[in-house]
Number of protein chains: 2
Amino acid sequence: MKLQIAIDRVSLEQAELLTRKLAPYADIIEAGTSLIKDYGFQALERLKPAAGAAKLLGDAKTIDEGAYEFRQGYKHKADLLTVMGASSVATLQTCYDVAEASGTEMMIDLLECRPEKVAQMVHFPNAIYCLHTSVDQGASVDPNQEVLAFKKAFPMIQRVAIAGGINLETLAGMAEANPEIVIVGSGIVKKDDPVSAAKQFRKVMQETCKYSM
Amino acid sequence: MKLQIAIDRVSLEQAELLTRKLAPYADIIEAGTSLIKDYGFQALERLKPAAGAAKLLGDAKTIDEGAYEFRQGYKHKADLLTVMGASSVATLQTCYDVAEASGTEMMIDLLECRPEKVAQMVHFPNAIYCLHTSVDQGASVDPNQEVLAFKKAFPMIQRVAIAGGINLETLAGMAEANPEIVIVGSGIVKKDDPVSAAKQFRKVMQETCKYSM
């Protein structure tokens, strides 16, 4: 299990500082959609050196013009980029092709995707499928059950991530479902002491899943 | 019928120059998603003075964090902002509330939205519903029929726009469907002489729909 820490709705200076502080406890640092829309893809290049050994994900939330956006994200130093599952399958294919060719990874954000739609896009073996409850809708009640149900429904999908309202308690309950990536945003970044919060998440993750850094 | 000219995949300097040249022939200048993701929402402020009397639309393609993105777009001088119809209804409602409160207009991009989804979001009387064929999928075969079918299926929706591969020929055929807004991007902006192309679109629009500037 890997920890992805999402940074959102702060200035670029704050984002850089947070990245520097939090990267030692993260496998992936996420430059949130708000950073990309506030500052453009150049935000990625600004955060990249601060991320150190952690990978950098650009939460581009691409939904059209897949080739252009993924090429721009790669050019600006993203290791991973997101595309919406709500995109056309043609867009998903385009993004996947660019990701594969450039050595970046594609994460498919499954926000508002019905199972029928997911069934149309199970043919991207290296993609990460991210279960995501909308910020505007509130958090998932039981992320463990959500991941388990998804893995059961789509056994051919190997790589699963989950985002949306993950806290220490729900994280502790995720040993069974064992998603590849757990994404935490405000649960770490908006705390008074984000580093301490990141350490706690890391500790619970290790205890729960025998995760070794 | 109004003409919205979309500017995409150029430098901010070129976008400003194109806006200055094309705004006299446009009702709405669109700062495309590529400009927002390449340069951030500040791209809007850069284009606003160049747009003159034309309104400025920020193609934010919001799909989550509706309040934050719409407030940022408004702060950076957008007159209209887009949200994806593929968003949760909660996100659409949030965007609509911010738009109504701030005096901006919300355009719902119906990319990849099935009729069942559209039926869940017909309750935004001031919103503009944009029929949109993905760049990655290719253009709509018959935009006139597409708008007519949409208006028949959703007679309660008053404001309809259409985007995706509109050319002079398909525009000439849209008198019957008469959408409120026709969105043209590369059909104008990528031509050798964009101003001449914009004038041609304007002329055909006037002839077809007795549109007066």
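**Helix packing and charge pairs**

Student: Which residues of α1(A) and α3(A) meet?

Tutor: From α1(A) come A:L12, A:E13, A:A15, A:E16, A:T19 and A:R20, and they meet A:A43, A:R46, A:L47, A:A50 and A:A51 of α3(A). Contact means heavy atoms within 4.5 Å, and helices are DSSP runs of H or I of at least four residues, while strands are E runs of at least two, both numbered from the N terminus. This is a predicted model in which local features need pLDDT of at least 70 and side-chain atom pairs pLDDT 80 or more, whereas totals for chains, interfaces and linings use all residues. Residues are numbered from 1 along each chain as its sequence is written, chains are lettered from A and ligands numbered from 1 in written order, and side-chain values use heavy atoms, without hydrogens and water.

Student: What makes α1(A) roughly parallel to α3(A)?

Tutor: Their angle is about 25°, with the axes 8 Å apart. Angles under 35 degrees count as roughly parallel, over 145 as roughly antiparallel, 65 to 115 as roughly perpendicular and the rest as oblique. Angles run from 0 to 180 degrees between N-to-C directions, along axes fitted to C-alpha atoms over the stretch in contact. So α1(A) is roughly parallel to α3(A).

Student: Why are α1(B) and α10(B) called oblique?

Tutor: Helix α1 (residues 12-22) of chain B and helix α10 (residues 194-209) of chain B cross at roughly 40°, their axes coming within 10 Å. That angle falls in none of the named ranges, and therefore the pair is oblique. The contact involves B:L18, B:K21 and B:L22 of α1(B) with B:P194, B:V195 and B:A198 of α10(B).

Student: How do you know that A:E105 and A:R159 form a salt bridge?

Tutor: The rule asks for a side-chain nitrogen of Lys or Arg within 4 Å of a carboxyl oxygen of Asp or Glu. For A:E105 and A:R159 the N to O distance is 2.7 Å, so the pair qualifies. A:E105 sits in strand β5 (residues 105-109) of chain A, and A:R159 in the loop between α7 (143-153) and β7 (160-163) of chain A, 54 residues apart.

Student: What makes A:R9 and B:E65 a salt bridge?

Tutor: Their side chains are 2.4 Å apart, N to O, so they pass the same cut-off. Across the interface of chain B and chain A the rule finds 6 salt bridges, and over all chains the count is 30.

Student: How many residues does each chain bring to the contact of chain B and chain A?

Tutor: Chain B gives 37 residues and chain A gives 37 residues.
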